Amino acid sequence: MSRSSRSALIDAWVRPEVRALSAYHVPPPADVIKLDAMENPWPWPGELVEAWQAALSEVPLNRYPDAGAGELKARLRAAMGIPEGAALMLGNGSDELILLINLLVAGPGRVVLTPGPGFAMYRIIAVNSGLGYREVPLAEDFELDETAMRAALREVQPAVVYIAYPNNPTGNAFNRDALARVIHEAPGLVVVDEAYYAFANDSFLPDVLAYPNLLVMRTVSKVGLAGLRLGLVAGHPDWLEELEKLRLPYNISALTQASANFALDHREQLERSVAAIVAERGRLAEGLAAIPGVERVWPSEANFLTFRGPAGAAGRVHSGLREHGVLIKNLDGSHPQLADCLRVTVGRPEENARFLAALGQVLSG
Ligand SMILES: *Cc1c(COP(=O)(O)O)cnc(C)c1O
């Protein structure tokens with residue numbers, strides 16, 4: 001088949017909104033200090049790795065996984081304190097859950113609404129699933145603009161509102177009372193995305209049944225298991241019963257289930273590293289604020305810090321750090337409120353020290 005007839009076919013059949021998207025860009029793996037993706041920087045100690053491999057060797061790969069992931073769900077329920085009476089569904093990362101929630105409500109004129117700057121996948125997955133997308137700018141200090149949010153709820157009548165709590169890429173948890181009023185006023189579903197719950201001081205999970213329209217989403221990615229791809233959504237059984245109809249059978253592989261069960265048997269390993277990350281976050285914030293040229297470091301309840309550098313310098317800072325072997329995320333250009341901003345994941349103490357030293361050199365050069 002000729003190239004031109006193929007491109008004509010693609011033009012004719014691929015949805016125009018998908019044609020207009022570009023695929024989510026992830027930098028290729030490289031030998032760098034990787035502080036760009038909110039990963040837990042601590043690998044497991046050798047003896048734990050051996051025990052995990054032994055557990056995996058028991059998994060019968062010729063068999064389909066437990067379709068309901070019953071054992072894993074029971075353990076997650078206990079580990080995460082899912083309220084009694086709430087139901088649970090697992091996804092291949094919370095990204096898959098966002099897609100399934102969108103498919104639950106998608107249709108002509110249906111819209112996803114979210115405060116911004118926020119998590120990039122909300123827009124991408126909204127478009128993927130055929131939904132409109134509307135972003136309400138955050139207030140000056142990255143706080144929820146409650147008045148603007150409530151006006152947008154009335155005007156747009158969104159099918160789903162996504163709110164990351166704490167927010168990515170700004171790191172703050174929005175005012176709880178304002179968020180509660182937004183949930184109360186929303187005409188459709190509200191998904192509170194608690195990807196960073198482990199590093200924060202508050203949660204809507206205990207209240208998930210207190211609102212008729214609330215779902216709470218979590219993931220194990222940021223606490224140390226990003227490679228597994230495992231997220232969960234909790235909510236009233238009536239909502240979850242509908243969502244279950246969209247979940248593809250066996251979406252959580254047998255290896256993921258076995259690995260997550262193993263990790264939950266050794267939770268203290270993850271909990272220790274989360275506590276260390278929170279302690280390091282404070283030191284890193286102080287170190288950053290002390291570097292000449294760092295204009296602002298925002299307070300964070302997550303495992304990353306967002307900071308503003310000199311005007312017009314974010315690209316040079318990002319590539320200069322890369323030349324020093326440190327990879328962070330350049331936020332400049334992604335949103336008007338993020339001009340000159342960059343985001344750094346909290347790493348191990350020696351990684352953070354290398355980052356701070358390199359940043360000092362780049363900014364003084
Ligand atoms: C990282 C992140 C996620 C991604 O979760 P996965 O479970 O890895 O798909 C979801 N929401 C927010 C706000 C995030 O920052």
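This text goes from the whole protein to one helix and then to one lysine.

The structure is a predicted model. Its secondary structure comes to 14 helices and 13 strands. The radius of gyration is 21 Å, close to the 21 Å that the globule rule gives for 365 residues, so the protein is as compact as a globular protein of that length. Along the principal axes, the C-alpha trace spans about 60 × 55 × 55 Å.

How much of the protein is buried? Of the 365 residues, 49% are buried. The contacts can also be sorted by how far apart their partners lie in the sequence. Among contacts with a separation of 6 or more, 72% join residues that are 24 or more positions apart. As for the surface, the protein exposes about 17000 Å², and carbon and sulfur atoms supply 54% of that area.

Helix H7 shows how buried and exposed residues can be arranged on one element. The helix runs through residues 146–156, and its buried residues are Glu146, Met149, Ala152, Leu153 and Val156. These residues lie on the same side of H7, because they cover an arc of only 130° around the axis. What is found on the other side of H7? Thr147, Arg154 and Glu155 are there, and they are exposed.

The next point is what the buried residues of H7 meet. They pack against three strands, S3 (111–116), S4 (132–137) and S5 (160–164), and also against helix H8 (176–185). After H7 comes Gln157, which has a positive phi, near 50°.

The last stop is Lys222, a residue that carries an annotation. An unreviewed UniProt entry places the feature "modified residue: N6-(pyridoxal phosphate)lysine" at this position. In the model, Lys222 belongs to helix H9, which covers residues 221–225.

Is Lys222 buried or exposed? Its relative accessibility is 13%, and buried means under 20%, so Lys222 counts as buried. Which residues is Lys222 in contact with, leaving aside its neighbours within four places in sequence? They are Ala37, Met38, Asn40, Ala195, Tyr196, Phe199 and Asn303. One of these, Tyr196, also has a polar contact with Lys222: the two side chains are joined at 3.1 Å.

Taken together, the annotated lysine sits in helix H9, counts as buried, and has a side-chain polar contact with Tyr196.

Note on methods:
Residues numbered from 1 in each chain as written. Predicted model: local features only at pLDDT ≥ 70, side-chain atom pairs only at ≥ 80, totals over all residues. Heavy atoms only, no water. UniProt positions renumbered as here; feature names shortened; annotations may be inferred. Helix = DSSP H or I, 4+ residues; strand = E, 2+ residues; numbered from the N terminus. Buried < 20%, exposed > 50% of the residue type's maximum accessible area, 1.4 Å probe, protein only. Contact = heavy atoms within 4.5 Å. Polar contact = N/O pair within 3.5 Å; in protein donor to acceptor, adjacent residues only side chain to side chain. Rg over C-alpha atoms; globule rule 2.2 N^0.38 Å. Areas by Shrake-Rupley, 256 points an atom, 1.4 Å probe, with all protein chains shown as cover. Arc of directions from axis to C-beta.
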